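Biologist: I am new to this structure and would like a close look at a single part. Please start there and then go on to whatever else helps me find my way around.

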Amino acid sequence: MIILGIETSCDETAVSICANGKILSNVVGSQLIHSNFGGVVPEVASREHERLLNNLTIEAINNAGVKINEVQGIAVTNGPGLAGALLTGVSFAKGLAIGLGVKIVSVNHLEAHIIANLLDRNDIFFPFLCLLVSGGHTQLWLIKEMEDYILLGETRDDAAGEAFDKGARILGLKYPGGPEIEKCAKSGDSNFVKFPRALINSKKIEFSFSGLKTSLLYYMDSFEESENCKLNDVAASYQQAIIDCLISKMKLAIELTGVNTISIAGGVAKNKHLRKSIDKYLIGNKIVFPDLKYCTDNAAMISYLGEKKIEMGKHSQFNFSINPNFNFKIN
Ligand code: KG4
Ligand code: ZN
């Protein structure tokens, strides 16, 4: 089946073609305009999606080497995400599907992030654990099989990506903060500041990053860069604190479930120091990392999951709506 996927939940406008489980094209128009504002401005994001969608769709079709009338179904993210941004994608997708006379399927963005682990590979098997770390979510999932998922635990407050983004702002770095902190931390000493690691010793799978952010804010109040005290050291220590919390709960999830195939998903999964630390501290388990291009928001994960759903007969009726606060608590 040839499926066209559309993703517009936040500040990435993305279109992809998937055919029989294979990604034929994956185009992403990142809206760099938001870095001028230090974060995503919802109205600007919607307008940018509107401006970019048509051309990116043509590009995705051309890159895939297919013709528009060969597309057999449209998959689109309908939540969670920014309402206006989701609406642009869903409206565009519905119009296209009606025009082409093909099926449409709405896709949950978080489920798609997790399922991105299956893209371009055949060495991951159910059941597996997945740490989903994005700008809005930090959750640990047990993925028993397709559409059979158990949420093991999540953050009580900020998401890991949010901790990176807000931390970067406090450190005077640009948006999005994750890659900026990673870059700045590269030559830093991660033991330089002892930032708190909330809930690290609790026997529950839960995270909390808001105290860490406040602690960075207080630390930076009296910070002056010098030969012995560099911004890189602070960034490295802050990044390490986030990573330590994530890894401790991955370990706990392995202990509690007995499942030892573990994967990661979402924008923060791009972080190379996180990947290295997982390899180091979770040694002895089967560790699966999705390709970097499938971690941050993309439409490949949408077209792939959409195809699976259509194959299972789970396409949508045309009256489906956006669901900005989509809770993804299956089972
Ligand atoms: O999955 P995603 O693209 O969008 C959401 O669904 O939220 O994730 C975006 C988040 C941002 O918070 C961004 O700072 C973070 O992923 N991120 C990173 C890195 N690249 C992106 N965090 C840490 N290290 C990175 N290299
Ligand atoms: Zn995302």
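Where in the chain is the place of Asn20?

Modeller: The model is a predicted one. Asn20 sits in the loop between β2, residues 12-19, and β3, residues 22-30. The backbone there has a phi near 50 degrees, a positive value in a residue other than glycine. The relative accessible area of Asn20 is 61%, and since the cut-off for exposed is over 50%, Asn20 counts as exposed.

Glu147 can be described in the same terms. Glu147 is not a glycine either, but has a positive phi of about 65 degrees. The place of Glu147 is in the loop between β7 (138-145) and β8 (148-155). With a relative accessible area of 22%, Glu147 is partly exposed. That class runs between the limits of 20% and 50%, so the value of Glu147 falls inside it.

Glu147 also leads to another part of the chain. Leaving aside neighbours within four places in sequence, Met312 is in contact with Met146 and Glu147. Met312 belongs to the segment after α9, which covers residues 300-311. Met312 is partly exposed as well, at a relative accessible area of 38%. From Met312 to Asn201 there are 111 residues in sequence, and the C-alpha to C-alpha separation in space is 42 Å.

Two peptide bonds also deserve a look. The bond from Gly79 to Pro80 is cis, with omega near -10 degrees. Pro80 is placed in the loop between β4 (73-79) and α2 (83-100). The bond from Tyr175 to Pro176 is cis too, with omega near -5 degrees. Pro176 is found in the loop between α4 and α5.

Those loops lead on to the helices. Two packed helices are described by the angle between their axes and the distance between the axes. Take α4 and α5, the helices on either side of the Pro176 loop. The axes of α4 (residues 160-171) and α5 come within 7 Å and cross at roughly 60 degrees. That angle makes α4 oblique to α5, because it is neither under 35 degrees nor in the range from 65 to 115. The crossing of α4 and α5 is left-handed. On the α4 side the contact is made by Phe164, Asp165, Gly167, Ala168 and Leu171, and on the α5 side by Gly177, Gly178 and Ile181. By class, the residues of this contact are four nonpolar, three polar and one charged.

Helix α5, residues 177-185, also meets α7, residues 231-257; their axes come within 7 Å and cross at roughly 120 degrees. The angle is past the range of 65 to 115 but not over 145, so α5 and α7 are oblique to each other. Their crossing is left-handed. From α5 the contact takes Ile181, Glu182, Cys184 and Ala185, while α7 brings in Leu231, Asn232, Ala235, Ala236, Tyr238 and Gln239. Seven of these residues are nonpolar, two polar and one charged. Ile181 takes part in the contact with α4 and in the contact with α7.

The pair α1 and α2 has another arrangement. The axes of α1 (residues 42-64) and α2 come within 8 Å and cross at roughly 30 degrees. An angle under 35 degrees counts as roughly parallel, so that term applies to α1 and α2. The crossing of α1 and α2 is right-handed. Helix α1 makes the contact with Ser46, His49, Glu50, Leu53, Asn54 and Thr57, and α2 with Gly84, Ala85, Thr88, Gly89, Phe92 and Leu96. These residues divide into four nonpolar, seven polar and one charged.

Last comes the zinc ion, ligand 2. Its protein donors are His109 through NE2, His113 through NE2 and Asp297 through OD, at 2.0 to 2.1 Å. Their spacing in sequence is H-x3-H-x183-D. The pair His113 and Asp297 links distant parts of the chain, 184 residues apart: His113 lies in helix α3 (residues 109-115), and Asp297 in the loop between β11 (286-288) and α9. At 1% relative accessibility, His113 counts as buried. Asp297 is buried also, at 14%. Both values are under 20%, the limit for buried, so the term fits each of them.

Methods: Residues are numbered from 1 along each chain as its sequence is written. Chains are lettered from A and ligands numbered from 1 in the order in which they are written. This is a predicted model: local features need pLDDT of at least 70, side-chain atom pairs count only at pLDDT 80 or more; totals for chains, interfaces and linings use all residues. Side-chain values use heavy atoms; hydrogens and water are left out. Axes are lines fitted to C-alpha atoms, for helices over the stretch in contact, and angles run from 0 to 180 degrees between N-to-C directions. Helices (H or I, at least four residues) and strands (E, at least two) are DSSP runs, numbered from the N terminus. A crossing is left-handed if the near helix is turned anticlockwise from the far one by less than a right angle, and right-handed if clockwise. Contact means heavy atoms within 4.5 Å. Ala, Val, Leu, Ile, Met, Phe, Trp, Tyr, Cys and Pro count as nonpolar, Asp, Glu, Lys and Arg as charged, and the others, Gly among them, as polar. Buried means under 20% relative accessible area, exposed over 50%, partly exposed in between (1.4 Å probe, protein chains only). Donors are N, O and S atoms within 2.8 Å of the metal (3.2 Å for Na, K and Ca); water is not among the atoms, so sites may look incomplete.
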